[in-house]
Structures are given as structure tokens and as C-alpha cells.
Amino acid sequence: MNASELSAAQAARTSIITGWFRNPDAWTALDKEVLPNFQTPRIWTGACGSGEEAYTAAIFAAAHGGRILATDINPTMIALAIAAKYQSKDVMIDAISARIAAPSLAQAFLFDAKTGEAKPRQEIRDLVKFGVLDLNFDAPPECDIAILANVWRHLDPDAAAHLLGQLQRRLGQQGRLVIGGSDVYPTPELAAQAIPGKFLALLSEHFAEAEHDLIWRPL
Ligand SMILES: C[S@@+](CC[C@H](N)C(=O)[O-])C[C@H]1O[C@@H](n2cnc3c(N)ncnc32)[C@H](O)[C@@H]1O
């Protein structure tokens with residue numbers, strides 16, 4: 001087994017816990033404070049799991065002319081994301097806890113009362129392109145906002161440090177790196193060193209509550 005195959009095998013055992021509208025304050029801040037800074041924001045979600053995070057990004061980006069590139073190491077996750085069949089009750093529970101208004105939800109999803117399934121509407125799905133990408137080995141794409149949430153602890157430490165360096169070059173001056181609530185690496189200090197003069201966003205309920213001014217301030 002070569003290093004890349006090993007990375008894929010390890011990732012297949014990775015926790016795939018995900019959800020809709022996770023860390024809602026961070027999405028609201030992206031919507032209100034970050035996306036308006038771009039003509040056509042290019043968002044990359046680099047560990048998109050079964051698609052919930054990618055379509056959540058698309059729902060918020062739609063009003064800003066944004067496009068999403070959603071990747072994951074696991075082809076099974078990508079196939080699920082492209083199929084885009086979700087349980088209505090999961091979407092609704094997550095939407096309620098994120099305080100997403102019912103009309104906004106109905107604008108973004110088609111709910112099938114017979115099957116109990118929910119599917120993001122075609123115009124939302126059209127904003128997202130999916131692909132397989134291994135963060136341990138592959139270079140990040142050009143993007144304005146990189147969402148790498150709840151994945152850092154699964155990466156090889158050297159590869160994670162290298163990835164931060166690549167993001168320094170890939171993200172534009174207004175660019176944002178968004179990390180997740182369970183990520184402890186990169187720390188804000190480390191990311192600030194690695195992407196100096198750029199912005200760091202933490203898609204994290206802990207940081208959002210405890211250290212709110214760290215979220216959108218240039219570090
Ligand atoms: C806990 S889920 C996070 C999903 C989503 N980002 C979120 O926060 O809701 C972790 C995801 O990381 C992916 N992953 C693990 N190692 C990876 C790697 N080397 N490159 C890309 N994705 C990876 C897994 O396949 C899984 O879908």
C-alpha cells in the first residue's frame with residue numbers, strides 16, 4: 001500500500017459526523033461580512049463529507065453569486081453528496097436549531113412528504129461542483145474562502161503545515177480560512193503565522209462565544 005492509498009484507507013475510517021448549518025453564527029458572519037466583499041466568491045470546502053456543508057455554503061452563497069468547489073478524500077462521500085438525498089427530519093432539526101426561517105428553508109429544499117426525503121433545489125445544486133481530493137497530498141484550488149472544518153486532526157502533521165503554507169499563497173488578500181468546531185489545529189496563533197496579513201475565520205461555536213473578536217479580525 002503506498003502513502004496515498006494509506007491516507008485514503010485511514011480517511012475511510014474517519015468520523016463522518018456532519019450536519020446542516022453547523023455553527024450558524026459563523027455562516028451568518030460569512031453571509032453578512034465576508035461574501036459581500038467578493039463579486040463572485042469562490043468557496044472551497046475541502047472535507048465536505050456527504051455534502052451538507054457544501055450545500056449549506058451554496059444556500060448562503062446563492063445571493064452573492066458564489067460558486068462552491070466541494071472535495072473530500074472519500075469517493076463514497078462524494079457519491080452521496082452528488083446524489084443529494086437527505087432525510088427531511090434531519091434537515092428540519094438542524095434548521096430549527098440554527099434558527100433558519102421556514103420560508104428560507106422552503107426556498108432551498110424540495111421536501112417529499114411521501115418518502116420523507118429532502119433534496120436541495122436544482123438551482124442550489126447547480127452552484128456546487130464535487131471532486132475527490134486528498135488534503136495530505138493534493139494542492140488546494142484557487143479560492144476566496146477555504147472551509148476546512150473538522151478535518152485537521154485527521155491529517156498528517158507535516159501535510160497540515162504544508163497545506164497552511166499553500167493556503168497563504170492561494171487565498172487572496174480578503175481571503176478567509178474557516179476551520180471547524182472540533183479543530184484544535186491550526187490554533188489561531190499558528191494560522192496567523194502561516195497566513196500573515198490575511199484573515200482567519202473559525203467556524204466554531206466555542207470561539208464564536210468565547211473570543212468573538214478573534215473570528216473576523218485580521219490576525
Ligand atoms: C468529521 S467529517 C467533517 C465534515 C464537514 N467538514 C463538517 O465539518 O461537517 C471529516 C471528513 O474529512 C474527510 N477527510 C479525512 N481525511 C481527509 C483527507 N486527507 N483529505 C480530504 N478529506 C479528508 C473524511 O472523509 C470526512 O468526510
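In the predicted model, the buried residues of helix 3 are E52, E53, A54, Y55, T56, A57, A58, I59, F60 and A61. This helix is thus described as mostly covered, with 10 of its 10 residues buried. Across the protein, buried residues account for 44% of the 219 residues.

Helix 3, spanning residues 52–61, is also the element that gives the most to the largest nonpolar core, supplying 7 residues. That core comprises 58 residues, of which A54, A58, I68, A146, I147 and L148 touch the most other members. Two of these names, A54 and A58, also appear among the buried residues of helix 3.

The secondary structure of the protein amounts to 11 helices and 9 strands. Strand 4 (residues 109–112) and strand 5 (residues 117–120) run antiparallel and are joined by 4 bridges. Within this pairing, L110 has K119 of strand 5 as its bridge partner. The two strands form a hairpin with 4 residues between them, and G116 in the turn adopts a positive phi of about 75°.

The ligand is surrounded by 24 residues, of which T18, A47, G49, I73 and L135 come nearest. By residue class, the shell around the ligand divides into 10 nonpolar, 10 polar and 4 charged residues.

With regard to contacts in the protein between residues at least 6 apart in sequence, 74% join residues that are at least 24 apart.

How values were computed. Residues numbered from 1 in each chain as written. Predicted model: local features only at pLDDT ≥ 70, side-chain atom pairs only at ≥ 80, totals over all residues. Core = buried A, V, L, I, M, F, W, Y, C linked by C-beta atoms within 7 Å. Buried ≥ 20, exposed ≤ 12 C-beta atoms within 10 Å, placed from the backbone. Near = placed C-beta within 6 Å. Nonpolar A, V, L, I, M, F, W, Y, C, P; charged D, E, K, R; others polar. Pairing = 2+ DSSP bridges. Contact = placed C-beta atoms within 7 Å.
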